[in-house]
Amino acid sequence: SILKKINHPNIIKYYESYIKNQKIYLILEFANEGDLKQLIKQHSLFKKNFTQEEIINYATQIANSINYIHSKNILHRDIKPENILLSDGMLKLGDFGISKELSSTIDFTNTGVGTPFYISPEICNGKQYNHKSDIWSFGCVLYELMTLERPFNFNTINALIYNIVNSTPERKINDKIYSNDLIDLVTDMMNKNYESRPSIKKIMTRLD
């Protein structure tokens with residue numbers, strides 16, 4: 001129902017759906033170049049960092065998709081490299097399976113969802129959260145693009161949650177490759193206090 005309401009060049013397009021044998025089938029746009037997870041893996045394998053220009057290009061496209069859904073009071077709730085697809089050189093946000101539509105821009109929700117490596121501290125703490133939780137996840141994706149590693153990568157869920165809530169990522173973003181302005185932006189997006197994270201519109205302004 002959410003996919004039917006959205007139409008944006010940086011979001012995987014929904015065409016139709018049908019039910020067969022008690023299963024729901026969705027007909028979606030085909031992303032012919034895989035996803036960001038695969039791209040990060042390739043760069044990591046060859047120890048090749050993304051350039052500043054590539055990061056800004058990717059960040060701008062992701063920000064455009066998030067700005068669009070947030071303007072419609074929709075939380076994605078599972079922003080991660082696997083859900084950012086590539087098609088003909090463009091990034092497209094996909095997988096709205098656990099997205100949620102809010103009644104207003106100041107609404108909060110308290111359903112604990114999302115991929116553990118990218119969930120925000122407020123979700124880890126079982127607290128209410130809003131659009132700023134997507135900003136945290138977006139920041140984690142940018143951090144991973146810039147370091148080729150997840151910001152928090154632990155083998156047990158308890159250790160992962162503890163470090164998301166209490167620690168900063170061990171690996172620092174290389175300031176010889178990326179500008180201080182870009183590093184500061186990612187740091188602000190991953191602020192433990194959701195109120196201190198920039199809105200998606202402010203992020204877009206800082207990426208210009």
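Guide: Before we start, one convention: helices and strands here are DSSP runs, at least four residues for a helix (H or I) and at least two for a strand (E), numbered from the N terminus. Keep in mind, too, that this is a predicted model.

Visitor: Fine. Let me start with backbone angles. Where is Asp 88, and what is its phi?

Guide: The general idea is that most residues other than glycine have a negative phi. Asp 88 goes the other way, with a positive phi of about 50 degrees, although it is not a glycine. You'll find Asp 88 in the loop between β4 and β5 (90-93).

Visitor: Is Asp 88 buried or exposed?

Guide: Exposed, because its relative accessible area is 61%, and the cut-off for that label is over 50%.

Visitor: And what phi does Arg 77 have?

Guide: About 75 degrees, so to speak on the positive side, and Arg 77 isn't a glycine either. Arg 77 lies in the loop between β3 (74-75) and β4 (84-87). Its relative accessible area is 14%, and since buried means under 20%, Arg 77 gets that label.

Visitor: Next, cysteines. How many disulfides does the structure hold?

Guide: In general, a disulfide is a covalent bond between the sulfur atoms of two cysteines. In this structure there are zero. Take Cys 124: its closest cysteine sulfur belongs to Cys 140 and is 9.7 Å away, which is too far for a bond. For scale, the cut-off is 2.5 Å. Looking from the other end, Cys 140 is in no disulfide, and the sulfur of Cys 124 is its nearest.

Visitor: How accessible is Cys 140?

Guide: Cys 140 has a relative accessible area of 0%, so it is buried. Cys 124 is buried as well, at 16%.

Visitor: On to charges. How many salt bridges are there?

Guide: The idea first: side chains of opposite charge can pair when their charged atoms come close. Six salt bridges turn up in this model. One of them joins Glu 122 and Arg 197, whose closest N and O atoms are 2.8 Å apart. This pair links distant parts of the chain, 75 residues apart: Glu 122 is in helix α4 (residues 121-124), and Arg 197 is in the loop between α7 (180-189) and α8 (200-207). Both partners are buried.

Visitor: Which residue does Arg 171 pair with?

Guide: Glu 149, with an N to O distance of 2.8 Å. Arg 171 is in the loop between α6 (157-166) and α7, and Glu 149 is in the loop between α5 and α6, so the bridge ties together parts 22 residues apart in sequence. Arg 171 is partly exposed at 39% relative accessibility, and Glu 149 is partly exposed at 36%.

Visitor: What does the salt bridge of Asp 188 tie together?

Guide: Two helices: Asp 188 sits in α7 and its partner Arg 206 in α8, 18 residues apart in sequence. Their closest N and O atoms are 3.0 Å apart. Asp 188 counts as partly exposed, at 27%, and so does Arg 206, at 40%.

Visitor: Now the hydrophobic side. How many residues does the largest nonpolar core have?

Guide: It has 54, and the residues with the most contacts inside it are Leu 36, Phe 50, Phe 138 and Leu 145. Helix α5 (residues 132-147) gives the largest share, nine residues. For a view from one residue, pick Leu 36: leaving out neighbours within four places in sequence, its contacts are Ile 62, Pro 81, Ile 84, Leu 86, Leu 91, Val 141 and Leu 145.

Visitor: Which residues form a nonpolar patch on the surface?

Guide: Tyr 15, Tyr 18, Tyr 25 and Ile 27, with about 380 Å² of accessible area together. The elements giving two or more residues to this patch are β1 (14-20) and β2 (23-28). Tyr 15, for one, is in strand β1 and is partly exposed at 48%.

Visitor: One last residue. What does His 70 touch?

Guide: Setting aside residues up to four places away in sequence, His 70 touches His 131, Asp 134, Ile 135 and Ile 200. His 70 belongs to helix α3 (residues 52-71). With a relative accessible area of 8%, His 70 is buried.

Conventions: Residues numbered from 1 in each chain as written. Predicted model: local features only at pLDDT ≥ 70, side-chain atom pairs only at ≥ 80, totals over all residues. Heavy atoms only, no water. Buried < 20%, exposed > 50% of the residue type's maximum accessible area, 1.4 Å probe, protein only. Patch = residues over 30% accessible without salt bridge, like charges linked within 9 Å, V, L, I, M, F, W, Y side chains within 5 Å. Areas by Shrake-Rupley, 256 points an atom, 1.4 Å probe, with all protein chains shown as cover. Salt bridge = Lys/Arg side-chain N within 4 Å of Asp/Glu carboxyl O. Core = buried A, V, L, I, M, F, W, Y, C linked by side-chain atoms within 4.5 Å. Contact = heavy atoms within 4.5 Å.
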